[in-house]
Every structure is written in C-alpha cells, then in structure tokens.
Amino acid sequence: MSAMDEQTLRVFLLLAETENMRDAAAILHVNQSNVSRSLARLEEHTGGELFDRRGRRLQLNRRGALFRVEAEAVLRAIEHARRRLDAFGSQVASVRIGFLHSVGRWMLPPAIAAFRTRRPDVHVDVRQGFGPELYDWLSRELIDVVLAAAPLRTVPGVHWVDRAGEDLMLAVPAGHALADRADIVPADLRGMPYIGFSPATELHAVIARLLPDRVQMTYEGSEIETMRALVGAGLGVSILPVRPGRTDAGIAYVPLRTPIQRRLGVAWSETSRREAHVAAFIEATRSI
C-alpha cells in the first residue's frame, strides 16, 4: 500500500489534531503501533520528520505544517469527488446520522421513529463514533447530522442545539460502602479502584478534573455500557451519565453533592440543513 494513500493522510491529520499517538489510535480503533508505522512510512516518503517529539506529545514542525495544508486540500478534493459520484449514482434521498455509542439505545431510536412518520420515503444511514470524529465527519460532509454532546471547540459552519440531559452520578456495586449515601463529593473516592473514561471521549475532560489525586485507575474505556458492567462485576466505581429513572441490577447510583449534567443534542452543518429531509430529521429530534 502506498505511503500516501487516503487513510495515511487521515492518520497524519488526526495526529496533528490530537498531538498524541495513543489518542489517535483510540479514535481510529487501531493499535498504537499501527499509527506509529503509518507515520514512519509517511515521513520516509516525504523525506523527513513532520513532527517534533516532546515526550509523548507530537508537535508539527515547519515541514509538517506545510504538509498539513496540502493534505487537507487533497482530502477535500477526494470528498468532493466522492459526493458528486454518490449524487450521480443514487436517486434515493437519504439522511446520514452520526451518534455516540451511549445514545444508541435511548436517543437515536425515538428520533428515527419520529422521522419515519414524517418522511417514510427517505433512507436512513447510521454511523457510530467518538465526539471528535463525529464532528470531523460532519465538517467534511460525510454525515448530515450528529447526536452527541456539544463539540469541545467551535467547528466553523456547525450548529448544535440541546435536546436532552443525563445526570452524572457515582455508580458503585450493590452493597458498596457508598451505596446508601444520599450524595457524595469526588474526594470520597480517594484510594478506591476507579473505572474511567478514555482520553478519546468527551466525558474524560469533564470528569477527570473532578477526581481526587489518589484514585486507583483500574480501567479506561469509551463504551459506557461496558464500564457499567464492570462496575456491576465489582471491578471498581465510576462516575457515569444516568438517565432519569434508570436502574440496573447489581449497581447503585449515588448523586453528586454538586449536580452536574451531561447535555446532549443534535448538530448539523449549514450545508446539510438546506436539504429538506435533513431539516425534517432535525425537527424530529424535538420528540426525544
């Protein structure tokens, strides 16, 4: 495979954004060694290093900054050609939905159901991802709408509106010492085995700053249902988003003394919003 193929360019641009091989690998769902080899082949092909290495951090050097501009231009041209071919080859209207794994069971189904009552003639495509990659796909017009938390940083041309909320609560195994507490403060978790969010998730930054210095990190994950199951199995405790009224066998949920909500909504680009069927899906999300 050529060192300059499309996937390699995307790996390079993701490294330029995250400045960390581990985070890039988590977003791409690949081993870190795959990302490292891809970058090595690209730097060999381009004749020199594209990043300055500062510990685990990668920082674009002058060559890398110049190459980034060219790589983005190449990928824009590829996406433009792909969209034109898709439009040429398909006569069926479709809405392409990107969503967080954690909203796939409760937020996505009612939105699709409400949309189908309005536009049964429109095909629905769904695609799961992490927050950063969902907004990247949206900005590159690979999808039309996103069901997720608001982007961590402003994305030009992208709009987000609030639709629903989940309370952040401490999840502990049933019978745990904190299970019967009326509320907790994060300092109560000091010294306890803890199940945390991967840096690739949008909840990592929100929750990491709440935690005391001395928690015992036993696992970092990105799929909330897996993390919930590990709590139920007694591997540790975790701060997780919980919908109102939710209960799970083997798990107790304890409120935070200072309440924090995770807000979720729908996002779209200025371009996609002009399509009538996309606008209809955005309107359908009001029923969530």
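**Reading a helix face and some ring contacts**

Guide: In helix 8 (residues 224–232), Ile224, Met227, Arg228 and Val231 are buried. Buried means under 20% relative accessible area with a 1.4 Å probe, protein chains only, and helices are DSSP runs of H or I with at least four residues, numbered from the N terminus. This is a predicted model, where local features need pLDDT of at least 70, side-chain atom pairs count only at pLDDT 80 or more, and totals for chains, interfaces and linings use all residues. Residues are numbered from 1 along each chain as its sequence is written, and side-chain values use heavy atoms, leaving out hydrogens and water.

Visitor: Which side of helix 8 are they on, the same or opposite ones?

Guide: An α-helix has 3.6 residues a turn, so residues three or four places apart point the same way. Here the arc, taken from the directions from the helix axis to the C-beta atoms, is only 100 degrees, which puts these four residues on the same side of helix 8. Gly234, with a positive phi near 90 degrees, follows helix 8.

Visitor: Now the rings: how many aromatic pairs are there?

Guide: A pair of aromatic rings is described by the distance of the centres and the angle of the planes. Rings of Phe, Tyr and Trp (its six-membered ring) pair if their centres lie within 6.5 Å; planes under 30 degrees apart are stacked, over 60 edge-to-face, the rest tilted. That gives three pairs. Phe12 and Phe67 have centres 5.1 Å apart and planes at 70 degrees, so they are edge-to-face. Both Phe12 and Phe67 are buried.

Note on methods. Buried means under 20% relative accessible area, exposed over 50%, partly exposed in between (1.4 Å probe, protein chains only). Helices (H or I, at least four residues) and strands (E, at least two) are DSSP runs, numbered from the N terminus.
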